[in-house]
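Student: Could you take me closely through one place where two chains of this structure come together, and explain each term as you use it?

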Amino acid sequence: MPARWTILAPAAAGAAAFVIPDNRTRRGLLVATAVTHLALTLLAFRAPARPFFDGALLLDDPGRLFLLATSVLFIAAAFYTMGYLKREASGSRPDMVEGRLFSNSPEARFTGCILLFLAAMSFVCLAQNLGLLWVGVEATTLASAPLVYFHRHHRSLEATWKYLLLCSVGIALALFGTYMLALSGGGEVSLGLPALMAAGPTLNPVLLKAAFVFLLVGYGTKMGLAPLHTWLPDVYSESPSVVALLSTSLLNVSFLAILRVRQVLCAAGQADFGNDLLVFLGLTSMGWAAIFLLRQTDYKRLLAYSSVEHMGILAFGAGIGGTGMFGALLHLFAHGVAKGAMFLLAGNVLAAYMTKNVSGVRGLVRALPYSGPLWVAGVLALVGMPPFGAFVSELTILRAALAGGRYTLAGIFLLLLSVAFIGITTACLRMAQGTRAQAASQTGGQFHSPAERQTGQSFAPREAWSAVLPPLALIACALLLGLYHPARLAEVMVSAARITGGF
Amino acid sequence: MSAAAFDMGALGALLRMAAGLALCPLLLGVINRVKAKFAGRQGQPLLQTYYELAKLLRKGAVFSTTTSWIFGLGPAAGLACGLCALALVPLGGQPGLFSFEGDLFLFAGLYSLGRFLTATAALDTGSSFEGMGASREMQFAVPAELALILGFVALSQATGEYSLAGILGRLDLARWQACGPVLALTAAALFLVLLAETCRIPVDDPNTHLELTMIHEVMVLDHGGPDLAFIVYGQALKMWTLGAVLAGLVIPARGDGAADVLLGAVWGVVGIFGLAVVIGIVESSMARLRLLLVPRLLVGATALSGLALILLLR
Amino acid sequence: MLSLVELILVGLVLTNLVLLGTSRIGLCIRMVAFQGVGLALLPLLGHEGLEPEALAISGATALLKGWIFPLLLFRSLESAHVRAEVEPYVGYSNSLLFGVAALAVSVWLGGRVPVPDPGVPSLLTPVAFFTILVGLFGIVTRRKAVSQVVGYLVLENGIFAFGAVALRKAQLLVEMGILLDVFVAVFVMGIAIFRINREFDHIDADRLASLKE
Amino acid sequence: MILFACCLAVFLTGALAALLPRSYRAASAIGAGAAMLGCALGLVPAAQALITPQEWALTLAWPPPFGLGSFAIDGVSAMFLVPALVLIGLAAAYGRGYLADQEGRRKAGAPWFFYNILAAAITGVFTARDPLLLLLCWEAMALSSYFLICLEDADGAVRRAGRIYLVASNLGAAFLLVLCLLPGAAWPPAPGVAAFTGGFADGSTGGFAALPAIPAGAVFLLALVGFGSKAGLAPLGVWLPEAHPAAPSHVSAVLSGVMIKTGVYGILRVLLALPPQPWWGWTLIALGGATAVLGVAGTLGQGELKRLLAWSSMENAGLMLLGLGLGALGRAFNEPVVAALGFGAALVHMVNHGVFKSLLFLGAGSVLHGTGERRMDKLGGLLGRMPVTGATFLVGALGICGLPPLGGFASELVLGLCALKGLLLPQVGLDIPSLAALAALILCAGMAAAAFSGAFGVVFLGAPRDAAAQNVHEAPAAMRWPMLALAALAPLLGIFSPFVLRAALHALAPAIPGAEELGASTVSALTTATLIFGLLFALLGGLLLLRGRLLSRRDVRTGPTWDCGYAAPTARIQYTYSSFAQPLAEMFHALTGPTGVLTRPWGLFPARAGHAAESEDRMLRGFLALFGFIDAKLEAMHRLQQGQVHVYVLYIAATLVALLAWGLW
């Protein structure tokens, strides 16, 4: 019964991490847990789904898919974290923006929270009861809040506060929606997903719609759909890269929550209403993100807005229905791995250039012989260029829109994609090209890292394997998704698309 | 057509070509003589050009140190192109040596090639004057070529033929009666083109000696000896060829009988020399245009051809 | 029994109006505590009567909402020894006017949303909407971080009231999980406020605006 | 078929293999070798397809992303593929020499990786038989070419050019995405793109109802914009004059000689597959004529050799589009002669332009390589110092101007003849467009002759104008022989032009029944023309012999150029290209805008005066202004996120209320 252990193992490990005094063993535990989790996920991927916890938890195909996405991202994060924590040894250091001293929060808390975070996300993937689903999603917020505040300076604190407040408010609304959903069944039905879907046609349509609105707004806040996404850029830019990566899978599970609700909606024959809302919010998010991707000066915020854009794509694909749902699920993977790689690489860039300013980074390819080319590849994977997965998924979604005869929507979708493409490539490829000296000259001739200030010349730091291999693996995954889908994965994706209301 | 007939045709064409080769230097003599008459002078002998050619062929040459093999290639290529063009052009409605649909493009293309190589030869000397001349030559060629082709196109539109021989062969009296104005316009356009292509007043003045005002002459400042001979002869040949076209256009004497063939040829030669006289008259009655006005003149020629076409298309 | 439920709901509305009108943070916190205690009764007044599950839920609710949350909030308020003023963007009278408007809107919305269950008082949906709106309003218009947490609690109360009445079958597990989450949320927020105060020497959320475009 | 598969495989493996070795030489040897080998392998089936259409289709059983992708070579593909492979192979050989001096400054892996990817992608574009596969190859082509353009990215101008190219090609590809994803889309497009077939890889209809047929006009417009932007169609081709000069010269050769043609190919496919309507032809002729004239006018205002060549590529793309337009009109009005000749002319010109433009870019490359100077007005007298480059460049220049006896003339002859026939046909709606096409053709020929005589003369003839042109070296052998090979192709294309045209007509025959018979007269015309070419060569040889004989017996001396009494001639008084082209450029001032910077002599003792060609691209300026405007407007909206958490909560509340209102109203 591997499914339940995907929750229990990280939870136990997380609890242990708080008490383990030794850094080395703790990091070892982290990696070990990640590996175990992936192994369990793959086992569960093959194993037939069996409900447990009196039917409240069940690993159905959508759950399988999202669990796999989470697990893959997490293992990359875990390996990266080892090197990252070594780099970020405790002790106060100057803040690179303002130069004020700050210290990191204790490593034990960081590791523990990461593991609990994983447990919570796995819980969401398995939850078949909307109430528990809510509990899980809220738990992810709470587990991740301390992670955001890893660097103890005021900007990350501000980000943490916004994250807490906005997400809590949103989640609270989702709770209200959940109650309304239950009420729409006349109070008799429980919050169990099967029960609700069984009662589908009998549900009160008006209440159902209202409930869906509340749930969409609530989970949409977590998922980062504009204009509910406002916490996202702040959190992504101020938290460590690893956390940013993990929050990518956080967005994913929030999407899963929305899909779960949509299952009920479809069962009740109200799919169209939900689809319209999803398409609307999706396009809004893409447009909003596109606006902020243009002339974006901070590359971590840029990545954050690109996440908003991609969440919009997911919502659009789900809302278009038909094969669009399949496209959305594929895109979830493609975007997840690409974005994860980009965040890890952004961490490397930050470590090498000591600035988050786009104009402060030039000549990545020359300066960082491994991260640089990977960065370029990641950008291509992110903007949906072949042969990466996002190309296929966006293609599928667009094709579904056209096949549905929704030419206007497809046109808007393409236009927004192009704007985002221009925004991202302009900034990120500019960072990759040129020479490092040009960056120095552009930022007023001074060098960035302290070492450079001393030596007076720019130097290329040696890149640690733990910093290069995880993004490399993730980009390899993106490539794989673009060229070849393992049979089982495709099978699961198709059936997941069917379950969540696709064709 | 049967082999014999072809042989006859080919033979006739060869004879007509030979006539052109032999007579073309005489044109310059005629023009000079006409101008002299208008100026009330005795003027140089009619055969003066032959003498000059003979002299030039016997002379040596001084080559600039900056020049390369391009410099020698220019004049020879120019003349070769002229000779090929002569092989295409009908005389007095009788076909040239070669004729195929669209040969009018080749006709223009050959001159364009010659011009290209002459201009590069001029640039080869590195002299700013010759560069200037080359620049002007290439500039004026653009509207001139356009006018020439559009004129041909108008004629082919009027006759429904695709080849020079076909076109000029069909231009009989009936055709003139059918669309006289069009043909007249085209003739005017072609005449202007001829003036420009053969560097006559009002476009260019072969006799001036102020380089700043020259176009073609300034390009060949550095050439001497056989090269210059090629150039001069090529000029005469060009005048003959274009003149043959124009004569064939304006003198609608056509026929198929052997006598008609001969008659047509005679008419053609007469027409060409008549044209030389006209040129002489024009040169002695007009002054050279300011350089800035030359493009307008040639664009005007293009406009004439275009007008002819529009008249046909309506 | 229903009447008692409605009584509590009316009390909820009144406390909300007080929240809108008052200037003292302390009073706000007490009001929220009152609401919490009132809400704690709702599960008992549910259809099953006094069942162990319902008892447990209401007990936990009373403990959290009535005692622990106020305690946490007062603690953070003292730790950040700031003027106990709400310092709203929108004046109190205007806030009250908003309250009236919000009440009207919620009544309208409540009318739009039918309740298929006869056992549920018709007052429930409007009041829940109203409380939620008031909570959001509090978060939007109040300057202090603490008062934003208060707003969040009000919001949460409205939702809880709705859930407690609307859900016939109270599921212990779910409810407990929810309560736990809310507790942790408030707890973490309290810590955050403590940190904010230490970092900035103020807890004015509107001055936390360095991260922007 | 097996050979074709090997060709693609060699390209791809070569791309990867070039990344492996540490040594620069090894990497470039592998990369260039793979490119050449792949081209050689691919040439065989392509050449076969020229004679007999290949029946086979190389079908990849592809797992879910793309479903089935299949390649096949028919006549049209072969017409494009054969020159493409030849040029890519020769350019690769050249590039190895061209990049040799960069050893130590960069790794050789990346350039050759992208070069081989580009080769494979172009081959795929010409042979794909499946819309998704076409898209894949198209995007791969765009990306790899982008990275090749940005090879010298330390230079800011190069980065700018690359950015413009990337944006332009992405926007163009957006239209192709729609074209290839339309319900029931096929490649080549099926007439009546209609009832939805298969929503995704497994062919299931994805639960969509069948849709009304997409009007063919929409498909045409999508293709026109999508492919046209790659072909350099004005005003979408603004990237072209920027990107082509920025790339390393062997890449520029491929971009101009081959990649532009992919756009022509796409439009041709659509025109052959769908029943054209007259307005298609009118649009194509109008845009093609505009492109051609703008392009050739642009050549006159350029100061850099490679930019001049790029503008000329735009001109020739315009000429090809003219041919396509005439062909479309021919089909629309059911005049098969015009159709056959129009498309045929486009194909023949495609072949010729490919050869000549690649040759010219290689020549420009070795000039850059030998002198390190891009501006023509600094050069001069290179013919003596770089004889091979100079001679081959002259051949290319003659060819690109469409002068006999080279291939360029043949294509212009066919195009002109086609326009002439269209003009003479009693068909309203066909005559005026034909006339316009004809006029544009002649105008372009004349202006191109002016531009290239000037460029060749200024760069290679006369005396060196600047130190840059003093100490130069001829290109190394690795760069010389590809140029010589291309230069040898030029007269062959002229002499065998009838065969080229026949091949083109043969390729068109399936789409245009009896194309070969219809074009027979033109083929014979070309044959006669080649006779005259022979005569021309004979006469030229004879005259040169005569000249030699005559001069051999006279005294031949050398001296300074006759300087009209000017005491101290310096090299700097020579006519520059700027001044050479200025009068003609002035005539087209309205199109090109201010063509130069003129500093007039002033005062009693005038200081230095001069004229430098600095033509600005009005289309590009317009686009930049538009984008800048949009950009600024959008940036103003960044105020939406000013950091106040209150406001953010307000957003949430507002969204909630709005959606509720929407849902419950």
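Tutor: Helix α5 (residues 128-159) of chain B packs against helix α15 (residues 407-424) of chain D at an angle of about 45 degrees, with their axes 10 Å apart. Because of that angle, α5(B) is oblique to α15(D), where angles under 35 degrees count as roughly parallel, over 145 as roughly antiparallel, 65 to 115 as roughly perpendicular and the rest as oblique. Axes here are lines fitted to C-alpha atoms, for helices over the stretch in contact, and angles run from 0 to 180 degrees between N-to-C directions; helices (H or I, at least four residues) and strands (E, at least two) are DSSP runs, numbered from the N terminus. This is a predicted model, in which local features need pLDDT of at least 70, side-chain atom pairs count only at pLDDT 80 or more, and totals for chains, interfaces and linings use all residues. Residues are numbered from 1 along each chain as its sequence is written, while chains are lettered from A and ligands numbered from 1 in the order in which they are written.

In this packing, B:V153, B:S156 and B:Q157 of α5(B) meet D:L420, D:L423 and D:L424 of α15(D), a contact being two residues whose C-beta atoms, placed from the backbone, lie within 7 Å. Across the wider interface, 66 residues of chain B are in contact with 67 residues of chain D, and α5(B) gives the largest share of the chain B side, 17 residues.
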